[in-house]
Amino acid sequence: MALMSYKCPNCGGGLVFDPDSQKFQCEYCLSEFTEEEMKRMEEASASPAEEEKAVLEEEGTAPQEGDSSQSPETGEAAVYTCPSCGAQIVTDATTAASFCYYCHNPVVFSGRLSGDHMPDFVIPFAIDKKEATSRFLSWIGKKKFVPGDFFSRDQIESCRGSTSLTSYTAARWTARQRRKRKNSAPGSPAGPGTQSIKRYQVERAGTLEVKNLTRNALKKSNKELVEGVLPFDMEKLLPFQMGYLSGFQAERRDMDGESFAGEAEQEVKQYTLDRLRSSMDTYSSVRIKDSSMEIRDPRWQYALLPVWVMTYGHRAGGKTYYFAMNGQTGKIWGRLPVDKRKLAGLFFGVFFPVFAALMIGGWFL
């Protein structure tokens, strides 16, 4: 499997995507390059590599696909060689981008993002590591009952693969409805103060476009954690380029659209039904007599979405807590530990003064 390592043409240092400038930056000489410049460098470096591979294959000395101790398709650990320092990089089957643990050079496993696993789109990170840390600590600071020593030191760059569904739903249904009207005028046929009931036969039909219904497409990820930071602004989807993964950890999907088809279809149909029902909220009651709904031309598209994942090992409880931050909007989700002493302080600070006030008030009654 091919390993891609983006190198600075000025100093040879590793190039990573910088969320702040939305450019590719050298970590050593701080040179910056645009997406177009990266594409040209990628195309220029691809030709010599292909020629070298062809020569080696002719000589019968070409390395086997993947150059690993385990096949990526087995789901077991695979070992690759860092193109910068020659050290071994150990990954699992879904890892698509990572770092060398020795020289910290960013690498992209391009072979794992090809064919059916090639993403259609990507949303680049808009929040860098420093800003993510600052926002997380600010979020923690607003929680009153979190232990005072809570601090997340292990910030893990992560770009999770998600699947988005675009579908067009057409629906036609018929409903019997009742509308109540109160007659208060004297001389009304039903008498003053009574109700008359009128029934209407109403039909509603329409076509509704549902876009970007997002599902997590990685089995090993925490579904609750990843979906807790939704939604993303899908208007900012860009055509996928390998360079956007340089400097981050990334996972390829191991689930396809069929895994979510039934669940997604029910959600789309329920949403459509609710929209049609809301168009008749002027009636006092609605009873569905007949309905039909059809999903037309569903299309699954594969997108990599930016998620910062933070972990914290709480010493007191011996438990690890996981947090996710939307790398585009900054939305944070996760379960926090609770300091029981602070809760007890709140209880005694509120209960006893109230109890004492009630006792004094009862004494003088």
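User: Which residues are linked with K220 in a network of salt bridges?

Analyst: D92 and E251 are linked with K220 in that network. Keep in mind that this is a predicted model.

User: What makes K220 and E251 a salt bridge?

Analyst: Their closest nitrogen and oxygen are 3.4 Å apart. The cut-off is 4 Å between a Lys or Arg side-chain nitrogen and a carboxyl oxygen of Asp or Glu, so this pair qualifies. As for the idea behind it, side chains of opposite charge can pair when their charged atoms come close.

User: Where in the chain do K220 and E251 lie?

Analyst: K220 is in the loop between β12 and α3, and E251 is in strand β14. The two are 31 residues apart, and the pair links distant parts of the chain.

User: How do you know whether K220 and E251 are buried or exposed?

Analyst: Set each value against the limits. E251 has a relative accessible area of 11%, which is under 20%, so E251 is buried. K220 has 46%, which falls between 20% and 50%, so K220 is partly exposed.

User: How many salt bridges does a search of the whole structure find?

Analyst: The search finds nine. One of them joins R215 and E263, with their closest N and O atoms 3.1 Å apart. R215 sits in strand β12 (residues 194–216) and E263 in helix α4 (residues 261–278), 48 residues apart. R215 is buried at 8% relative accessible area, whereas E263 is partly exposed at 41%.

User: What makes E224 and R335 a pair that ties together separate parts of the sequence?

Analyst: E224 lies in helix α3, while R335 lies in the loop between β17 (332–334) and α5 (340–364), so the pair ties together parts that are 111 residues apart in sequence. Their closest N and O atoms are 2.7 Å apart, within the 4 Å limit, so this is a salt bridge.

User: Why is R335 called exposed?

Analyst: Its relative accessibility is 54%, and exposed means over 50%, so R335 makes the cut. E224, at 41%, is partly exposed.

User: Let's turn to rings. How many aromatic pairs are there?

Analyst: The count comes to eleven aromatic pairs. One of them is F17 with F24, whose ring centres are 5.4 Å apart with 65° between the planes.

User: Why is the pair of F17 and F24 called edge-to-face?

Analyst: The centres, at 5.4 Å, are within 6.5 Å, so the rings pair; the 65° angle is over 60 degrees, so the pair is edge-to-face.

User: Why is the pair of F24 and Y244 called tilted?

Analyst: Their planes meet at 45°, which is neither under 30 nor over 60 degrees, so the pair is tilted; the centres are 5.8 Å apart. F24 is in strand β3 (residues 23–26) and Y244 in the loop between β13 (238–239) and β14 (250–251), so parts 220 residues apart in sequence are tied together. F17, F24 and Y244 form one aromatic cluster.

User: How do you know whether F17, F24 and Y244 are buried or exposed?

Analyst: F17 has a relative accessible area of 3%, F24 also has 3%, and Y244 has 8%. Buried means under 20%, so each of these residues counts as buried.

User: What makes R112 count as a charge over the ring of F109?

Analyst: R112 lies over the face of F109, at 5.3 Å from the ring centre, and the limit is 6 Å. Likewise, the charged end of R253 sits over the ring of Y302, 5.2 Å from its centre.

Terms used: Residues numbered from 1 in each chain as written. Predicted model: local features only at pLDDT ≥ 70, side-chain atom pairs only at ≥ 80, totals over all residues. Heavy atoms only, no water. Phe/Tyr/Trp six-rings, centres within 6.5 Å; stacked < 30°, edge-to-face > 60°. Buried < 20%, exposed > 50% of the residue type's maximum accessible area, 1.4 Å probe, protein only. Helix = DSSP H or I, 4+ residues; strand = E, 2+ residues; numbered from the N terminus. Lys NZ or Arg CZ within 6 Å of the ring centre and 35° of its normal.
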